[in-house]
Amino acid sequence: MKHPSLIIACITIFSFGCNSTSSDSPGNETPLVVATTSIVADIAKNICSDFAEVKSLMGPGVDPHLYKASHGDIELLTNADVVIYNGLHLEGKMSEILEKLKSSKTVIAVSDGVDHTSIRTINEEADVHDPHIWFDVSIWSEGVKHVSESVQTKYPEYKDQIEKNTNTYLRAIDSVNQECTKLVASLAVEKRILITSHDAFEYFGRSYNFKVRGLQGISTLSESGLKDVTDMVNFIIDNKIKAVFVENSVPQKALRSVIDGCKAKGHEVTVGGELFSDALGADRTPEGTYLGMLYFNVETVINGLN
Amino acid sequence: MKPSVETHNLTVIYDKKPAIWNIDFTLPTGKIIGIMGPNGSGKSTLLKAIMGIIEPNIGYSKVFDQDLEDVRNKVSYVPQRQSVDWDFPASVWDVVAMGRYATKGLFKRLTKEDHRMIEESLSKVNMTPFTNRQISQLSGGQQQRVFLARALAQNADLYLMDEPFVGVDAATEQAIITLLKSMRDAGKTLLVVHHDLLTAQDYFEHMVLLNSRLVAEGPTSEVFTKDILTETYGGTLTTLSKVANVLQEKDFPMRHK
Amino acid sequence: MEFLTEIWSFFTFSEPNVKVVFWGSLILCSISGLVGTFTLLRKRSLIGDVISHAVLPGIALAFIIGQQKNPLYLIIGATITGWISTYLVDYITKHSKIKNDTAIALILSVFFGVGVLLLTHIQHSGNASQSGLDQFIFGRASAMNMSDVWLFSIVGTIITILIVIFFRGLSLLSFDENYSQSIGFPNELLKLILSITTVTTVAMGVQAVGVVLMSALLITPAACAKFWTNKIIPMAILALVISGASGVLGSAISYTYNGMPTGPWIVVVVSLFAFISAFIGRKNGLLKKYLQRSKNNTKILRENTIKLFFNPKTLGETQFSFEDIFAKSKMQRATLKKGLSLLKSDKLITTNQGTYTTTSLGIEEAKTIVRKHRLWELYISKFMHLQPDHVHDDAEGIEHVITPEIERELEKELDFPTKDPHDSDIPY
């Protein structure tokens, strides 16, 4: 070791040099938009993808209630120019990170654009609200507008493009909603009872006039107890429900034990299908988009209960 | 005359250092033989190696001129009293009954004859009034007598005892040595690890003096001399321990294949 | 009231799901208590904790490789990593300078950490509807189904049969491993049986109570049983019964309200059993010790009080007012009052307008206690070679301990003496 101090100095400089990730020159690089869930990412893709790179933290089938950000996720968030998330504690285990990011970059919550009175409150004092707002197309559209406006503020140079994309998106949402409403009309009102693994579909129920019941609460973190299972069994039997629905991002075991319980009591109930609740389907499938997911869910439910 | 125990180059290595080294002796039958040496000289290790509880790294031992496996039913082991947790849920009778498992094995039920032997062993050590007492409620001397009774119940010819007089009251010690002497008179061989030099001459007719290596072995009158005792208790051989340290530090094997 | 109706409906199997959970927890927990008995007796309770945490990576790996949540595959995966962890702890302890408790802490954290890592990976991969492996950390007893119960029954039966068959060898191994080896018992086989049954029990049990709480279910029932019996067979049976009962009771309680997790309730119940046993258990229970001490104190007070009424001259009836007897004694007022009321209820004295008089029973009692005192003084002055002025305090304490048999022995040994070391008469 001839000149230890010189070597140490070289190593230090070298490692500093290699650390240049996010310190970019402004304006020249493509903006990076990072969304948390695939549903939120769908908004970003539709609005920003002609001028920005859009990345989603959570892929298809990932449960946002339980999701813990990995080291790679944090790196991605740190490099992002814009971060979009659902809000209302859907991304329950990421709230600290999202708070921290607010001080240094543009962080947009879709739920901030929604009128507070439209949001379903579970517990006023504890500030607990139902975060599954994407299932109510009208309030989700408000959220989309809010995201659009915030992005326009950040990137005024792209204002016109963003507005145009947003309007196209909103129109498409509206037209899918109308299709869904037509489909729903084919199911008799008394048959409109939707049973799922967790309480993700209240807004859906509100929009399309369904009675909705989940085995677990609004977050998959809470465990369903034995009583919840037996109560659900009796509810299904009392209301002569013929199908229940599992979800793509939630374990099926609990709901299947409900089905077994009904069978043991002489009532046949089947799995009407797998719904997309907190996450979209695989990329490049119709259910991999928000619109496709909405329609698929409604179609599956109507077919299952008819 | 068949020897009771024979060892050849018996070596046991702990943590790369030899605990006993090249132990070589042939012991007679029908005698009470004492194994003595300073703390850490490998006395317990020697017993365990003969008993097959520890595998020797080098060398071997024979019992009654045969492998231990073939004569197991003739050998009985009395471990150190503190090697066991006496808080275990068992009665005096339960522990002594273990002595019959040696012949009965894992599954065979105990017969009337077995019960008789257990009772007889208990009475030989004067523990009959305590038959149903929990072992946690026994004094040190009583515990030692229970261990002894267990060994007696095996009805063996050779008894290996590890420090049977430690922590035992004077009356019990007297009783035990009297019992051992009567066993010897009945033709049994007793190998006893002992710690008290003052009683050694009185108890043992034959001795093995150990300090990781064999210092001396023979009739008590011959080996219980000042020189030999000094060599046994007067500290380790410095060169030998230096070699042992090198073995440990540099991780050398003791023998080559 | 609703609580009780729900408990009632639980035990009457009014719901099929309840029946499934009842049997599932009964079987799982019972086996756990039985196997845990040996874990406790062999002083390997911490190893139980290691295994509980080490099953997690096995479960996760089984899922990643098999891509489906078949309970059998998961149990196999759990058993494999659980077993590897125990092997590693023993290996590290034996072949390195690392002590046993350090090795335990090391392996436990490493395996658990890897498990969480794999779980997070699975979570990120979006197969949530098929995995639900997160539930293994805290258990999900409420979602048990019949095929789970069948699996538990079969495996549980095998485990029980193994333990019963090899009970003798397992007990000896737990008590005295060296002796067991010396009589040629197949110790390695026995240890293998124990470790496989323990690991498999844990692998199954974590589905009900989860990884974090499993070691409690393994150890607590056996620890509880130890307060009630000093024999190994009753201990094992009791541990099985206690843990099975906890499984059922815990499930019942979790049924009374919505949203209550079953696993933690099972552990709460078994822990409650343990606390209560520590207090009132027949063997080494605190309550028993307290009661015995209380009994002793009452006897001592009674005897010390009647002693005050002893008449050295006539050896007959005596009479005192409260103040007189108080002056004579060294007691506190309240204590003396208590002693006097004890004597009264035992009919050793009568009271009449503030005066206390000894009955014939009381006279005898006083004579006895003084006799014991003086005999003891004589005994220790003779055999311990104590001076006369050093024997009194000892006798003050020991006089209450001397039973009639000991008294007779003293008399014999001292050759029926008439005088004590202070030259006072010994009253017969």
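Colleague: Where do helix α3 and helix α4 of chain C sit relative to each other, and how do their axes cross?

Modeller: This is a predicted model, and in it the axes of α3(C), residues 45-66, and α4(C), residues 71-95, come within 6 Å and cross at roughly 135°.

Colleague: Why is α3(C) called oblique to α4(C)?

Modeller: Over 145 degrees would count as roughly antiparallel, and 65 to 115 as roughly perpendicular. The crossing is roughly 135°, which falls in neither range, so α3(C) is oblique to α4(C).

Colleague: And which hand does the crossing have?

Modeller: α3(C) passes α4(C) in a right-handed crossing.

Colleague: How do you know which residues in α3(C) and α4(C) meet?

Modeller: The cut-off is C-beta atoms within 7 Å. On the α3(C) side, the residues that meet α4(C) include C:Ile51, C:Val55 and C:Phe63. On the α4(C) side, C:Leu74, C:Ile80 and C:Val89 are among them. By class, this contact has 16 nonpolar, seven polar and no charged residues.

Colleague: Over to chain B. What does its secondary structure come to?

Modeller: Chain B has ten helices and nine strands.

Colleague: What makes chain B as compact as a globular protein of that length?

Modeller: Its radius of gyration is 19 Å, and the globule rule gives 18 Å for 257 residues; those are close, so the description fits. The C-alpha trace of chain B spans about 55 × 40 × 40 Å along its principal axes.

Colleague: What share of chain B counts as buried?

Modeller: Buried takes 20 or more other C-beta atoms within 10 Å, and 42% of the 257 residues count as buried.

How values were computed:
Residues are numbered from 1 along each chain as its sequence is written. Chains are lettered from A and ligands numbered from 1 in the order in which they are written. This is a predicted model: local features need pLDDT of at least 70, side-chain atom pairs count only at pLDDT 80 or more; totals for chains, interfaces and linings use all residues. Helices (H or I, at least four residues) and strands (E, at least two) are DSSP runs, numbered from the N terminus. The radius of gyration is taken over C-alpha atoms; the globule rule is 2.2 Å times the number of residues to the power 0.38. A residue is buried if 20 or more other C-beta atoms lie within 10 Å of its own, exposed if 12 or fewer, and partly exposed in between; C-beta atoms are placed from the backbone. Axes are lines fitted to C-alpha atoms, for helices over the stretch in contact, and angles run from 0 to 180 degrees between N-to-C directions. Angles under 35 degrees count as roughly parallel, over 145 as roughly antiparallel, 65 to 115 as roughly perpendicular and the rest as oblique. A crossing is left-handed if the near helix is turned anticlockwise from the far one by less than a right angle, and right-handed if clockwise. Two residues are in contact if their C-beta atoms, placed from the backbone, lie within 7 Å. Ala, Val, Leu, Ile, Met, Phe, Trp, Tyr, Cys and Pro count as nonpolar, Asp, Glu, Lys and Arg as charged, and the others, Gly among them, as polar.
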